[in-house]
Amino acid sequence: MALRGGTRFAVRCEDVFPAGCALVPESLGEVEDYDEKTGRRSPAKDKVTGQRVWQVRVMDLDPELGKRSRETTVKISADHQPVPPTGTPFEAVEFDGMTVTPYVANNGRMAYSLRATSLRAPAGVNRDATAAA
């Protein structure tokens, strides 16, 4: 079986973040492409869906990470900017439509890119109760 570069593999949020994840405050924003010829920036478009691309930083809550870095970025392909469920700092979230794209980084090590189609409050969390807290 041959795999082409940029192959996206579907994954479940609970497989990527088995202990859950939390949004880093004020980290949700639009991804921009930079055109070196013109020096202009423009909203990035997903090469597969054509939708705009947003990114958010999250903290992996897995206690097995120990002292290793817990922060990672998830890119979200959506027509409109995703809205965090409650807007509170470090709120727990889950992602729908997650994919992982493995690649070899500049240092020669295996790395991966995470993408999703949306974010939401974790299953079983009452959004109204969380917002009132």
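**Figure 1. A salt-bridge network joins Arg8, Asp46 and Arg115 in the predicted model.** The close-up shows the three side chains, Arg8, Asp46 and Arg115, that are linked through salt bridges. Across the structure, 8 salt bridges are found. Arg115 also appears among the residues touched by Met98, a residue shown again in Figure 5.

**Figure 2. Arginine 120 pairs with glutamate 94.** The closest N and O atoms of this salt bridge lie 2.8 Å apart. Arginine 120 belongs to strand S11 (residues 118–120) and glutamate 94 to strand S8, and the pair links distant parts of the chain, 26 residues apart. With a relative accessibility of 31%, arginine 120 is classed as partly exposed.

**Figure 3. Aspartate 96 forms a salt bridge with arginine 120.** The N to O distance between these side chains is 2.9 Å. Because aspartate 96 lies in strand S8 and arginine 120 in strand S11, this contact ties together parts that are 24 residues apart in sequence. Aspartate 96 has a relative accessible area of 27% and is partly exposed. Arginine 120 thus takes part in a salt bridge with glutamate 94 and in another with aspartate 96.

**Figure 4. Aspartate 15 and arginine 12 meet in a salt bridge.** Their side chains approach to 3.0 Å, taken from N to O. Aspartate 15 is partly exposed, at 48% relative accessibility. Arginine 12 is likewise partly exposed, its relative accessible area being 48%. Side chains of opposite charge can pair when their charged atoms come close.

**Figure 5. Methionine 98 and its contacts.** Setting aside residues up to four places away in sequence, methionine 98 touches Phe9, Ala10, Val11, Cys13, Val16 and Phe17, together with Leu114, Arg115 and Ala116. Met98 is also one of the residues that touch the most other members of the largest nonpolar core.

**Figure 6. The largest nonpolar core comprises 17 residues.** Those touching the most other members are Phe17, Val56, Val58, Val74, Ile76, Phe95 and Met98. Two or more residues are given to this core by each of strand S2 (21–23), strand S6 (53–60), strand S7 (71–77), strand S8 (92–96) and strand S10 (110–116). Strand S6 supplies the largest share, 3 residues. In soluble globular proteins, nonpolar side chains tend to be buried together.

Conventions:
Residues are numbered from 1 along each chain as its sequence is written. This is a predicted model: local features need pLDDT of at least 70, side-chain atom pairs count only at pLDDT 80 or more; totals for chains, interfaces and linings use all residues. Side-chain values use heavy atoms; hydrogens and water are left out. A nonpolar core is a set of buried Ala, Val, Leu, Ile, Met, Phe, Trp, Tyr and Cys residues joined through side-chain atoms within 4.5 Å. Buried means under 20% relative accessible area, exposed over 50%, partly exposed in between (1.4 Å probe, protein chains only). Helices (H or I, at least four residues) and strands (E, at least two) are DSSP runs, numbered from the N terminus. Contact means heavy atoms within 4.5 Å. A salt bridge is a side-chain nitrogen of Lys or Arg within 4 Å of a carboxyl oxygen of Asp or Glu.
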